[in-house]
Amino acid sequence: MATSEFIRALPKVQLHCHLEGTLQAATFLELAARHGVATTYRPVLRQAPVLRQAQDDSVYAFGDFSEFLLTFAAVSRALKEPGDYARLAAEYALDAAAQNVVYGEIFISPSVWLFFHPELDVRACVREIRSAFEAQRERSGIELRLIVDLTRNFGLESAMRTAKLAIGLTDLGAIGIGLGGDEARFPAGDFEEPFALARAAGLHCVAHAGEAAGATSVRDAIERLHVERIGHGVRALEDRDVVELLAHRQIPLEICPTSNFLTGIASREHPHPLLELDAAGVVVTIDADDPALFRTSITQEYEYVASIAGETTLLRLIGNAIDASFAADSLKASMRELLRAASVMEPGRSASNTSTHVRP
C-alpha cells in the first residue's frame, strides 16, 4: 500500500508504542552478538548464545501471541546496558520525528529488563532514554513521555515494586503506569493494589485488555483498576454491555491493527473491528504497538485506517488521540492546530513545509 503525501504530512500521536518493540532488527542482531545472547528465547530451555545469521527483520518471526511475547523477551534480553537504551531511544525518536510524530506516551518495561539483568541500574537507563528524547525534542519539537508497564507474569509483588519505581521516575518523564504481559493467565483484578498506589501518587493508569482475553478483562480493567485508557480492547465486542460501558464512559481504546492481525486477535479477511467499535460510539485511537517486531509503522497504520474508513475518519481518530493523551491543555491545543492545518493542506504541498513543533 503506497503511503500518500497527505498521510505522511499528518501530525501523528502515539499512545500505544512499546519502546523495546521499536528496536530495529539490525540493531537487535548487533546487540545480541555484542552481549553473547541468543536471538530467540524459550524459558524452559537452557540456550547457548548461538545467533541466527539473519540480516534483516526475518529475525522477528512468531506464529501467535505467546510466541510474540517470547520474541519481546529476547529483544529485552539484548538490552543489557544503559548505553543500549540510549541507542534504542535515539533510534526510535529519530524515526518518530521522520514520520511527523509530534507527541508520544511510550511504554517501557523495567520489570522485564531486571528479569534478565538483575543488576541493571534502571534509573540510569531511563536517564539515557530521557536524554535521547530531549535531544530529539530540541531538533524537531517532538514531545515524548513514558508509561511504566507492570508485567503481569511476574505477579503482584513485582508489580508493587514497579509501581513504586514509576513513582520515583516522574522527574525523568514517567507520567503513568500500564499493565502488559500475559493477559489470559494473569487477570487485571490481581493488580488493584499497585494501581491504587500509583493513582494516589498522581500517575495516570492504563492497561492492556481485550487482546489475549475477552470482554471481562476489559470490564475488570475499567471497574477494578479504574484505568483511563485501554490498550487494544477489541474483544470488548464479545459483550455488548462492555461496548456500551466503554462508550458511556468514553474510555479510549488504543487500537493497533497490524498487531491484532499478526497475533490472531483480528482477521485480515475482514476490515478491522475498530470500525464497529467506532460506530458504537467508543473512542478509538490508532497506534503501532511494537512497530519493528510487527514490521509496521504509525504511518502505515494511518494509511490502513484511511483505506478502510477514509481520510475524514482518520483525521477524527487522530483528534481522539490528542484528546485522550495526558498532555497539558496548552499542548493539546497546539496539536489540534497542527492537525487542522494539515487537514486543509494544499494538494502537492511538501510535508517538509509543515512545522511539527508542538510547544505551546
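Author: Two strands are said to pair if DSSP finds at least two bridges between them. With that in hand, we can turn to this model, which is predicted, and read its sheet strand by strand.

Reader: In what order do the strands of the sheet stand, and in what sense do they pair?

Author: The sheet is open and has eight strands, which follow the order β1-β2-β3-β4-β5-β6-β7-β8, and the pairing is parallel. At the edges stand β1 (12–18) and β8 (284–286), each of which has a single partner strand, so that one side of each is left without a neighbour in the sheet. From one strand to the next, the twist averages 25°.

Reader: Which residues can I use to follow the bridges from β1 into β2, and how many bridges are there?

Author: Between β1 and β2 there are five bridges, in the parallel sense, and K12 has V101 as its bridge partner in β2. Although β1 stands at an edge, seven of its seven residues are buried, so β1 is largely enclosed by the rest of the structure.

Reader: How many bridges join β2 to β3, and which residue of β3 is the partner of F107?

Author: Strand β2 (residues 101–108) and strand β3 (residues 143–151) run parallel and are joined by six bridges; F107 has I147 as its partner in β3. On the sheet packs helix α8, which touches β3, β4 (174–180) and β5 (204–209), and whose direction makes about 170° with that of β4. Helix α9 (residues 215–223) also packs on the sheet, where it touches β5 and β6 (229–232), and its direction makes about 170° with that of β5.

Reader: Where does the path lead from I147 into β4, and is β4 buried or exposed?

Author: I147 has G176 as its bridge partner in β4, and β3 and β4, which run parallel, are joined by six bridges. Seven of the seven residues of β4 are buried, so this strand is largely enclosed by the rest of the structure. On its other pairing, β4 runs parallel to β5 with two bridges between them, and there G176 stands opposite H204.

Reader: Which helices link these strands, and what is the handedness of the units they make?

Author: For such a unit, one follows the chain from a strand through a helix to another strand and then asks which way the path turns. Here β3, α7 and β4 make a right-handed β-α-β unit, and β4, α8 and β5 make a right-handed one as well.

Reader: At what angle do α7 and α8 cross, and which residues meet between them?

Author: For two helices, one reads the approach of the axes and the angle between them. The axes of helix α7 (residues 155–167) and helix α8 (residues 192–200) come within 9 Å and cross at roughly 10°. Since angles under 35 degrees count as roughly parallel, that makes α7 roughly parallel to α8. On the α7 side the contact holds L156, A159, M160, A163, K164 and I167, which meet E193, P194, L197 and A198 in α8. By class, this contact has eight nonpolar, no polar and two charged residues.

Reader: What pairing continues from β5 to β6 and from β6 to β7?

Author: β5 and β6 pair in the parallel sense over four bridges, with H232 in β6 as the partner of A209. The chain crosses from β5 through α9 to β6 in a right-handed β-α-β crossover. Beyond that, β6 and strand β7 (residues 253–255) pair in the parallel sense over two bridges, and G231 has E254 as its partner in β7. The crossover from β6 through helix α10 (residues 240–249) to β7 is again right-handed.

Reader: Is N260 buried or exposed, and which residues is it in contact with?

Author: A residue counts as buried under 20% relative accessible area. N260, found in helix α11 (residues 257–262), has a relative accessible area of 0% and is therefore buried. Leaving aside neighbours within four places in sequence, N260 is in contact with H232, V234, I255, I265, A266 and H272; H232 is the residue we met as the bridge partner of A209. N260 and A288 are 28 residues apart in sequence, while their C-alpha atoms are 9.9 Å apart in space.

Reader: Is N320 buried or exposed, and what does N320 touch?

Author: N320 lies in helix α14 (residues 311–324) and, at 16% relative accessibility, counts as buried. Not counting residues up to four places away in sequence, N320 touches V283, V284 and T285.

Note on methods
Residues are numbered from 1 along each chain as its sequence is written. This is a predicted model: local features need pLDDT of at least 70, side-chain atom pairs count only at pLDDT 80 or more; totals for chains, interfaces and linings use all residues. Side-chain values use heavy atoms; hydrogens and water are left out. Axes are lines fitted to C-alpha atoms, for helices over the stretch in contact, and angles run from 0 to 180 degrees between N-to-C directions. Angles under 35 degrees count as roughly parallel, over 145 as roughly antiparallel, 65 to 115 as roughly perpendicular and the rest as oblique. Contact means heavy atoms within 4.5 Å. Ala, Val, Leu, Ile, Met, Phe, Trp, Tyr, Cys and Pro count as nonpolar, Asp, Glu, Lys and Arg as charged, and the others, Gly among them, as polar. Buried means under 20% relative accessible area, exposed over 50%, partly exposed in between (1.4 Å probe, protein chains only). A crossover is right-handed if, with the strands pointing away from the viewer, the path from the first strand over the helix to the second runs clockwise.
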